[in-house]
Amino acid sequence: MHHHRLSIAPSDIDHMGHVNNAVYLNWVQEAVVAYWEAVAPAEAVARHLWVALKHEITYRRPAFLDDTLIATVVAERVEGARAFFTTLIKRGEDVLAEVESSWCALDSDTRRPIRVAKDIAGRFLR
């Protein structure tokens, strides 16, 4: 599990006065990559790039400019080159969005899928 503080910029606010739904995708990307960088050794970070394959977002409540938000990322499982995550975006105890996502690890040189070693995957799944 990884907790990642999110920043809201004025440009994130839409015509309805709250954070635009599209911003949540950027936040999920930022939080999942930060999780990877926090748990993986430097050589694994340098060797792997992560690309999103799918996001399923359930929006619960709006976020506003002055909110303090935390994204909590949980790695559910790793299968070969794929990893599956759940990300909760919260304001205090209020869940604003729940995101189920799948990602693919790519070799940083070839840009082809690369299996995540078991010892590295184990760092996610603690």
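Are Tyr35 and Phe85 buried or exposed? In this predicted model, both Tyr35 and Phe85 are buried.

**Aromatic contacts**

The structure holds 4 aromatic pairs. One of them joins Tyr35 and Phe85 in an edge-to-face arrangement, with 6.2 Å centre to centre and 70 degrees between the planes. This pair links distant parts of the chain, since Tyr35 belongs to helix H1 (residues 21-39) and Phe85 to strand E4 (residues 82-91), 50 residues apart. Trp36 and Trp50 form an aromatic pair that is edge-to-face, with 5.4 Å centre to centre and 70 degrees between the planes. Here Trp36 lies in helix H1 and Trp50 in strand E2 (residues 48-59), 14 residues apart, and the pair again links distant parts of the chain. Trp36 counts as buried because its relative accessibility is 3%, and Trp50 is buried with a relative accessible area of 9%. Tyr24, Trp27 and Tyr59 form one aromatic cluster. A ring also takes part in a contact with a charge: the charged end of Arg77 sits over the ring of Phe84, at 3.9 Å from its centre.

**Strands and turns**

Strand E1 (residues 2-6) has alternating side chains, with His2, His4 and Leu6 pointing to one face and buried, while His3 and Arg5 point to the other face and are not buried. E1 pairs with strand E3 (residues 69-79) in the antiparallel sense over 5 bridges, and within this pairing His3 stands opposite Thr72 in E3. E3 is in turn joined to E4 by 9 bridges, the two strands running antiparallel, and Val73 stands opposite Thr87 in E4. The E3 and E4 strands form a hairpin with 2 residues between them, and Gly80 in the turn has a positive phi of about 65 degrees. E4 also runs antiparallel to E5, to which 10 bridges join it, and Arg91 stands opposite Asp94 in E5. E4 and E5 likewise form a hairpin with 2 residues between them, where Gly92 in the turn has a positive phi of about 60 degrees.

A positive phi is also found outside glycine: that of Arg111 is near 65 degrees. Arg111 lies in the loop between strand E5 (94-107) and helix H3 (118-124), and it counts as exposed because its relative accessibility is 52%, where exposed means over 50%.

**Salt bridges**

The structure holds 5 salt bridges, among them the following, given with the distance between N and O atoms.

| Acidic residue | Basic residue | N to O distance |
|---|---|---|
| Asp107 | Arg47 | 3.7 Å |
| Glu98 | Arg60 | 2.7 Å |
| Asp94 | Arg61 | 3.0 Å |

Asp94, which stands opposite Arg91 across the E4 and E5 pairing, lies in strand E5, whereas its salt-bridge partner Arg61 lies in the loop between E2 and E3, 33 residues apart. Asp94 counts as partly exposed at 29% relative accessibility, and Arg61 is partly exposed with a relative accessible area of 42%. Glu98 lies in strand E5 and Arg60 in the loop between E2 and E3, so this pair ties together parts that are 38 residues apart in sequence. Glu98 is partly exposed, with a relative accessible area of 27%, and Arg60 is partly exposed as well, with 49%. Because Arg47 lies in helix H2 (residues 42-47) and Asp107 in strand E5, their salt bridge ties together parts that are 60 residues apart in sequence. Arg47 is partly exposed, with a relative accessible area of 47%, whereas Asp107 is buried, with a relative accessible area of 12%.

Key. Residues numbered from 1 in each chain as written. Predicted model: local features only at pLDDT ≥ 70, side-chain atom pairs only at ≥ 80, totals over all residues. Heavy atoms only, no water. Buried < 20%, exposed > 50% of the residue type's maximum accessible area, 1.4 Å probe, protein only. Helix = DSSP H or I, 4+ residues; strand = E, 2+ residues; numbered from the N terminus. Pairing = 2+ DSSP bridges. Phe/Tyr/Trp six-rings, centres within 6.5 Å; stacked < 30°, edge-to-face > 60°. Lys NZ or Arg CZ within 6 Å of the ring centre and 35° of its normal. Salt bridge = Lys/Arg side-chain N within 4 Å of Asp/Glu carboxyl O.
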